[in-house]
Amino acid sequence: MERKTFELGDVVLMKKQHPCGANEMEIIRMGMDIRIKCVKCKHSILLPRAKFEKSLKKVLRSAAGEEPQATDSDNG
Ligand SMILES: [Zn+2]
(Lines give C-alpha, C1' and ligand atoms only; values in the text may rest on other atoms or scores of the structure.)
Protein backbone atom coordinates (compact mmCIF):
# COMPACT_ATOMS: atom_id res chain seq x y z
CA MET A 1 0.00 0.00 0.00
CA GLU A 2 1.23 3.39 -0.92
CA ARG A 3 0.68 6.28 1.39
CA LYS A 4 -0.48 9.46 -0.19
CA THR A 5 1.02 12.62 1.10
CA PHE A 6 -0.08 16.05 0.16
CA GLU A 7 0.51 19.56 1.34
CA LEU A 8 -1.02 22.94 0.98
CA GLY A 9 -0.36 24.29 -2.48
CA ASP A 10 0.19 20.90 -4.08
CA VAL A 11 -1.34 20.17 -7.44
CA VAL A 12 -3.01 16.78 -7.44
CA LEU A 13 -4.51 14.49 -10.02
CA MET A 14 -8.01 13.33 -9.15
CA LYS A 15 -9.59 10.03 -10.14
CA LYS A 16 -12.75 11.75 -11.17
CA GLN A 17 -12.57 14.56 -13.62
CA HIS A 18 -14.26 17.86 -13.05
CA PRO A 19 -17.22 18.71 -15.32
CA CYS A 20 -15.04 21.31 -17.05
CA GLY A 21 -12.78 18.53 -18.31
CA ALA A 22 -9.74 19.00 -16.08
CA ASN A 23 -8.79 16.62 -13.33
CA GLU A 24 -5.94 18.59 -11.83
CA MET A 25 -6.69 20.37 -8.61
CA GLU A 26 -4.69 22.63 -6.37
CA ILE A 27 -4.95 22.27 -2.61
CA ILE A 28 -5.84 25.67 -1.27
CA ARG A 29 -6.90 24.79 2.26
CA MET A 30 -6.11 21.96 4.63
CA GLY A 31 -7.78 20.93 7.83
CA MET A 32 -10.56 18.58 8.81
CA ASP A 33 -11.75 19.25 5.31
CA ILE A 34 -9.69 19.85 2.23
CA ARG A 35 -10.47 22.64 -0.15
CA ILE A 36 -9.27 22.14 -3.68
CA LYS A 37 -9.43 24.40 -6.68
CA CYS A 38 -9.77 23.28 -10.26
CA VAL A 39 -6.72 24.49 -12.18
CA LYS A 40 -8.79 25.03 -15.29
CA CYS A 41 -12.03 26.70 -14.27
CA LYS A 42 -10.84 27.88 -10.82
CA HIS A 43 -13.91 26.42 -9.19
CA SER A 44 -13.25 25.38 -5.60
CA ILE A 45 -14.63 22.33 -3.85
CA LEU A 46 -14.65 21.40 -0.19
CA LEU A 47 -14.19 17.72 0.57
CA PRO A 48 -13.91 15.79 3.81
CA ARG A 49 -10.32 14.58 4.19
CA ALA A 50 -11.28 10.91 3.84
CA LYS A 51 -13.20 11.58 0.68
CA PHE A 52 -10.40 13.67 -0.74
CA GLU A 53 -7.86 10.91 -0.09
CA LYS A 54 -10.16 8.45 -1.81
CA SER A 55 -10.56 10.69 -4.82
CA LEU A 56 -6.88 11.49 -5.03
CA LYS A 57 -5.02 9.63 -7.71
CA LYS A 58 -1.62 11.14 -7.21
CA VAL A 59 0.28 14.26 -6.33
CA LEU A 60 1.59 15.83 -9.50
CA ARG A 61 3.82 18.44 -7.95
CA SER A 62 4.39 19.87 -4.55
CA ALA A 63 4.27 23.52 -3.65
CA ALA A 64 8.00 23.49 -2.94
CA GLY A 65 8.67 22.22 -6.44
CA GLU A 66 10.20 19.01 -5.15
CA GLU A 67 9.29 15.41 -5.66
CA PRO A 68 6.64 14.29 -3.21
CA GLN A 69 8.17 12.36 -0.35
CA ALA A 70 6.59 9.84 1.96
CA THR A 71 6.76 10.91 5.54
CA ASP A 72 4.97 9.92 8.65
CA SER A 73 4.60 13.42 9.94
CA ASP A 74 1.26 14.78 11.02
CA ASN A 75 -1.62 12.55 10.23
CA GLY A 76 -3.94 14.12 12.67
ZN1 LIG B 1 -13.10 22.65 -13.43
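What follows is a walk through the fold of a predicted model, from its overall layout to its sheet, its core and its helix.

The chain has 76 residues, and 13% of them count as buried. Its secondary structure is quickly listed: one helix and five strands. Reading from the N terminus, the elements come in the order β-β-β-β-α-β, so the helix sits between the fourth and fifth strands in that DSSP numbering. As for reach along the sequence, take the contacts between residues at least 6 apart: 38% of these join residues at least 24 apart.

The strands come together in an open sheet of five, in the order β4-β3-β2-β1-β5 and with antiparallel pairing. At the edges stand β4 and β5; each has a single partner strand, so one side of each has no neighbour in the sheet. Ignoring direction, neighbouring strands here are turned by 40 degrees against each other on average. As a general point, strands of a sheet pair through backbone hydrogen bonds, in either a parallel or an antiparallel way.

Going across the sheet from the β4 edge, β4 covers residues 44-48 and pairs with β3 in the antiparallel sense over five bridges. One of the pairs here is Ile36 with Ile45, its bridge partner in β4. β3 and β4 also make a hairpin with five residues between the strands, and in this hairpin Lys42 takes a positive phi near 65 degrees. On to the next pair: β2 and β3 are antiparallel too, with four bridges, and Met25 has Cys38 as its bridge partner in β3. These two strands form a hairpin as well, with three residues between them.

Then comes β1, residues 11-14, which pairs with β2 in the antiparallel sense over three bridges. Leu13 is found opposite Glu24 of β2. On the way to the other edge, β1 pairs with β5, residues 56-61, again antiparallel and over four bridges. Val11 has its bridge partner in β5, namely Arg61.

What fills the largest nonpolar core? Nine residues make it up: Phe6, Val12, Met25, Ile27, Ile34, Ile36, Cys38, Phe52 and Leu56. Two elements, β2 (24-29) and β3 (33-38), give two or more residues each to this core. The largest share comes from β3, with three residues.

The side chains of β3 show a neat split. Ile34, Ile36 and Cys38 point to one face and are buried, while Asp33, Arg35 and Lys37 point to the other face and are not. That fits the general pattern, because side chains in a regular strand alternate between the two faces of the sheet. Cys38 is worth a second look for its contacts: leaving out residues up to four places away in sequence, Cys38 touches His18, Cys20, Ala22, Met25 and His43. Among these, Met25 is also the residue that has Cys38 as its bridge partner, and both Met25 and Cys38 belong to the largest nonpolar core.

That leaves the helix, α1, which spans residues 49-55 and holds Ala50. Is Ala50 buried or exposed? Ala50 counts as exposed, because it has 10 C-beta neighbours inside 10 Å, and the cut-off for exposed is 12 or fewer. Ala50 and Asp33 are 17 residues apart in sequence, and their C-alpha atoms are 8.5 Å apart in space. Asp33 itself is one of the β3 residues on the face that is not buried.

Definitions and conventions
Residues numbered from 1 in each chain as written. Predicted model: local features only at pLDDT ≥ 70, side-chain atom pairs only at ≥ 80, totals over all residues. Buried ≥ 20, exposed ≤ 12 C-beta atoms within 10 Å, placed from the backbone. Contact = placed C-beta atoms within 7 Å. Core = buried A, V, L, I, M, F, W, Y, C linked by C-beta atoms within 7 Å. Pairing = 2+ DSSP bridges. Axes fitted to C-alpha atoms, helices over the stretch in contact; angles between N-to-C directions.
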